[in-house]
Amino acid sequence: MDKHTANPIGISGDAADHVVDARQRARTVLSGESHIGAIDDWRRSIISARDALILIWLTWVGLHGFGDPAFTGWMLVAMSVGLALLIGISTARSTQAQVSYFTAELHRERAEIRDDPDHEREEVVALYAAKGFQEPLLTQVVDVLCADDDRLLKVMMEEELGLSLFHVNHPLFVGLWNAGAALAAGLLLALPVALSQTNFAHTWMPAAGTATVGVLSVISARATGRSMFEFFAVGVIMAIVTGGVVYSLAQWFSQMTIAV
């Protein structure tokens with residue numbers, strides 16, 4: 001498929017080629033480490049907490065399937081810390097990748113506006129003609145947009161690359177609050193198990209896990225406008241399905257080990 005065939009906005013020529021190339025760069029980068037979306041938003045920490053909760057649950061279910069070894073509780077604590085570090089580093093790195101990409105594209109577009117303003121004007125004409133603007137309004141709109149470099153830069157970032165210019169939190173802060181949320185959720189399940197008798201975990205893990213998912217669902221609903229029941233159902237179903245698979249495999253592997 002050539003560039004003109006892949007052109008999503010129905011324009012042709014050098015301007016169209018440049019737009020297609022720019023949007024392809026955006027898709028390539030944003031489908032990588034920064035694919036999570038608004039990774040720098042604090043609301044992402046709700047997902048981090050839920051994921052950590054489910055992973056600690058799965059670890060316990062697996063150890064339970066192997067007969068509840070004596071080190072189960074402290075193993076869960078160690079896993080909670082490790083998972084928190086992993087989630088914190090991952091979200092910080094994703095945010096850093098997003099920031100680096102936005103910065104590079106800003107510099108690229110600013111240089112193009114400075115060095116080749118006529119070509120940038122052609123691109124704006126092509127973009128707004130594709131939106132249905134016709135003469136004489138098309139020329140008037142293009143004149144207004146191209147009269148100010150900062151305005152033109154914003155237009156090209158949003159219209160050409162499909163990227164919105166917005167404040168991005170520092171990657172360190174993003175990593176810290178995601179790590180903190182994951183650690184709190186993980187230790188909420190793990191510490192009581194480590195400090196109690198083995199049988200306590202059989203009641204605590206499903207009860208505390210379900211209650212915590214419920215609390216996270218309420219927070220998510222208030223912060224995002226999503227349905228609390230949707231978030232709760234997704235979390236519980238994921239925990240039940242994956243937990244069932246892990247427990248079944250652990251039991252099977254345990255029986256194989258005994259047989260051998």
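**Helices around a pocket**

Let's start with the pocket: α3 (44-65), α9 (198-224) and α10 (228-259) each supply at least two residues to the lining of the largest pocket. Keep in mind as you look around that this is a predicted model. The largest pocket has a volume of about 160 Å³. Its lining is made up of 13 residues, and W57, P206, G209, T210 and A239 are the ones nearest the centre. Which helix gives the most to this lining? That is α9, with 5 residues. In chemical character, the lining of the largest pocket holds 10 nonpolar and 3 polar residues, with no charged ones.

From here, follow α9 to its contact with helix α8 (residues 171-194). The axes of α8 and α9 come within 10 Å and cross at roughly 165°. Because angles over 145 degrees count as roughly antiparallel, α8 is roughly antiparallel to α9. The crossing of these two helices is right-handed. On the α8 side you will find L188, L189, P192 and V193, which meet F200, A201, W204, M205, A208, G209 and T212 of α9. The contact of α8 with α9 divides into 9 nonpolar and 2 polar residues, and no charged residue takes part. G209 is worth a second look: this residue of α9 meets α8, and G209 is also among the residues nearest the centre of the largest pocket.

Now turn to the other partner of α8, the pocket-lining helix α3. The axes of α3 and α8 come within 8 Å and cross at roughly 35°, and this crossing is right-handed. Here R44, S45, S48, A49, A52, L53, I56 and W57 in α3 meet W177, N178, A181, A182, A185, G186 and L189 in α8. By class, the residues in the contact of α3 with α8 are 10 nonpolar, 4 polar and 1 charged. Two residues help tie the picture together. L189 of α8 meets α3, and L189 also takes part in the contact with α9. W57 of α3 meets α8, while W57 is also one of the residues nearest the centre of the largest pocket.

One more helix pair rounds off the walk. The axes of helix α5 (residues 117-130) and helix α6 (residues 137-146) come within 10 Å and cross at roughly 135°, which means that α5 is oblique to α6. The crossing of α5 and α6 is right-handed. In this contact, R121, V124, V125, Y128 and A129 of α5 meet L138, T139, V141, V142, D143, L145 and C146 of α6. Sorted by class, the contact of α5 with α6 has 9 nonpolar, 1 polar and 2 charged residues.

Methods: Residues numbered from 1 in each chain as written. Predicted model: local features only at pLDDT ≥ 70, side-chain atom pairs only at ≥ 80, totals over all residues. Heavy atoms only, no water. Axes fitted to C-alpha atoms, helices over the stretch in contact; angles between N-to-C directions. Helix = DSSP H or I, 4+ residues; strand = E, 2+ residues; numbered from the N terminus. Parallel < 35°, antiparallel > 145°, perpendicular 65-115°, else oblique. Left-handed = near helix turned anticlockwise from the far one by under 90°. Contact = heavy atoms within 4.5 Å. Nonpolar A, V, L, I, M, F, W, Y, C, P; charged D, E, K, R; others polar. 1 Å grid on protein atoms, 1.4 Å probe; cavity = no way out; pocket = protein on both sides within 12 Å on 5 of 7 lines; lining within 4 Å. Points joined across faces, edges and corners; volume = space filled by probe spheres on them.
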